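Trainee: I have a model on my screen and do not know how to read it. Can we start with one residue and work outwards?

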Amino acid sequence: MFAIDDHRHMARALQLAERGLFTTTPNPRVGCVIVRDGKVAGEGWHQKAGEPHAEALALAAAGNAARGATAYVSLEPCSHQGRTPPCADALIAAGVARVVAAMQDPNPAVAGEGLRRLQSAGVDAVCGLLENEARELNIGFVSRMTRGRPWLRLKIAASLDGKSALLNGVSQWITGENARRDGHGFRARACAVLTGAGTVLEDDPRLTVREVATTRQPLRVIVDSRLETPADARILEGGGVLVACARENRSKMAALQRKDAEILVLPNPQGKVDLAMLMRELARRGINEVHAEAGWKLNGSLFAEGLVDELLIYLAPILIGDAGRGMFNLPELAELADARRLKVFDQRMVGEDLRLRARPA
């Protein structure tokens, strides 16, 4: 169904889409390549919500050469009017003869309608080329559209014996500079960075992106059941912080609000923050990917509630010993058969540290 050249041009469209890795939220990352008579006539990639989509930019670059051409798009062209006009209509008006999409748009407002509109206008529109690669690029957008919650990636830095901190809570720095820089790249691609009040109190982190170039800082989210976050915490600097708590405390809330923090009261029956409800609220706000950097207690709660979609673990070649804190605070198991199983899909060295990426099996 697809020729070698089709694969080559779609790979280029995905490469273009990846340029928007840090900037397109809440929109998906999309690239487009327009090819006529075997030659690239125009390219484009979506850069920021509210700005032209990849197809519009590629069509503008191609000009009259778009007539009779093939458009390779990493996501099905949209069919609805948002802040920009429908891309399917733009492709039809330009006289494109063929459209190859990597995957169907999971947005219910599109969900195949873009392809159907193209086909109804006589365009040879097909889908499914390099679909897995396209889905991985927009895994958070797909999660928000199909599950109503963001994709949560949990980052942990630990010793080789699985300790994420000393018994007294000290964890800076277990891993080396290369691993920390790599972790900032994952922060940058996320729409929100999530942590707990314990981490704020013990480490006083900023949780901003500093080690890689980006024009956008993710929303910072603190899970703080009892509103223990100090008003002078570094994470509050510059605003852009959401604090989720389990009970109201007018004086503490006022102190945080004076630092431009937004407070959400989301209690569960146990008097803690309802984490599932928090994820749904983040999705409602257009958050596609959440990057969590927390302590072992919040890590355990997120995992126990089935909210962790991916683990990003950096293992340093050091040993801390039994007295250190583990990665997760999870209930004791009586049988090994009850252990939570993971599938490692990527492993590599980052400086002197081993980086593992895994998902629940």
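Mentor: Start with Ser-74. Setting aside neighbours within four places in sequence, Ser-74 is in contact (heavy atoms within 4.5 Å) with Met-10, Ala-13, Leu-14, Ala-17, Arg-29, Val-30, Gly-31, Ala-102, Met-103 and Ala-134. Some ground rules: residues are numbered from 1 along each chain as its sequence is written, and side-chain values use heavy atoms, with hydrogens and water left out. This is a predicted model, where local features need pLDDT of at least 70, side-chain atom pairs count only at pLDDT 80 or more, and totals for chains, interfaces and linings use all residues.

Trainee: Is Ser-74 buried or exposed?

Mentor: Buried means under 20% relative accessible area, exposed over 50%, and partly exposed in between, using a 1.4 Å probe and protein chains only. Ser-74 has a relative accessible area of 2%, so Ser-74 is buried. Ser-74 lies in the loop between β3 and α3 (87-93). Helices here are DSSP runs of H or I with at least four residues, strands are E runs of at least two, and both are numbered from the N terminus.

Trainee: Which backbone atom does the side chain of Ser-74 reach?

Mentor: The backbone nitrogen of Gly-31, at 3.0 Å. That is a polar contact: a pair of N or O atoms within 3.5 Å, where within protein one must be able to donate a hydrogen and the other to accept it, and residues adjacent in sequence count only if both atoms are side-chain atoms.

Trainee: Now the sheets. What holds strands together?

Mentor: Strands of a sheet pair through backbone hydrogen bonds, either parallel or antiparallel. Here two strands pair if DSSP finds at least two bridges between them. One open sheet has five strands in the order β2-β1-β3-β4-β5, with mixed pairing. Its edge strands are β2 (39-45) and β5 (124-127), each pairing on one side only.

Trainee: How many bridges join β4 to β5?

Mentor: Four, and the two strands run parallel; β4 covers residues 98-101. Look for Val-99, which stands opposite Ala-125 in β5.

Trainee: Which strands does helix α1 touch?

Mentor: Helix α1 (residues 4-17) packs on the sheet and touches β1 (31-36), β2, β3 (70-73) and β4. The direction of α1 makes about 145° with that of β1. For such angles, axes are lines fitted to C-alpha atoms, for helices over the stretch in contact, and angles run from 0 to 180 degrees between N-to-C directions. Helix α2 (residues 54-62) lies across β1, β2 and β3, at about 140° to β2.

Trainee: What is the strand order in the sheet of nine strands?

Mentor: β10-β9-β8-β7-β11-β6-β12-β14-β13, an open sheet with mixed pairing. β10 (261-265) and β13 (342-350) have a single partner strand each, so one side of each is left without a neighbour in the sheet. The twist averages 20° from one strand to the next. Eight bridges join β13 to β14, which run antiparallel. Met-349 stands opposite Leu-354 in β14.

Trainee: Which strands does α11 lie across?

Mentor: β6, β7 (192-196), β8 (219-223), β11, β12 (310-316) and β13, running at about 115° to β7. Find Asn-299 in α11 (residues 296-304). Asn-299 is buried, at 1% relative accessible area. Leaving aside neighbours within four places in sequence, Asn-299 is in contact with Leu-154, Ile-156, Ala-294, Met-327 and Phe-328.

Trainee: How many disulfides does the structure hold?

Mentor: A disulfide is a covalent bond between the sulfur atoms of two cysteines. The cut-off is a pair of cysteine sulfur atoms within 2.5 Å. The structure holds zero. Cys-32 is in no disulfide; the nearest cysteine sulfur, in Cys-87, is 8.4 Å away. Cys-78 is in no disulfide either, with the sulfur of Cys-87 nearest at 3.7 Å. Cys-78 is buried, at 7% relative accessible area.

Trainee: And the protein as a whole: how many helices and strands?

Mentor: There are 11 helices and 14 strands. The radius of gyration, taken over C-alpha atoms, is 23 Å; the globule rule (2.2 Å times the number of residues to the power 0.38) gives 21 Å for 361 residues. The two values are close, so the protein is as compact as a globular protein of that length. Buried residues make up 52% of the 361 residues.
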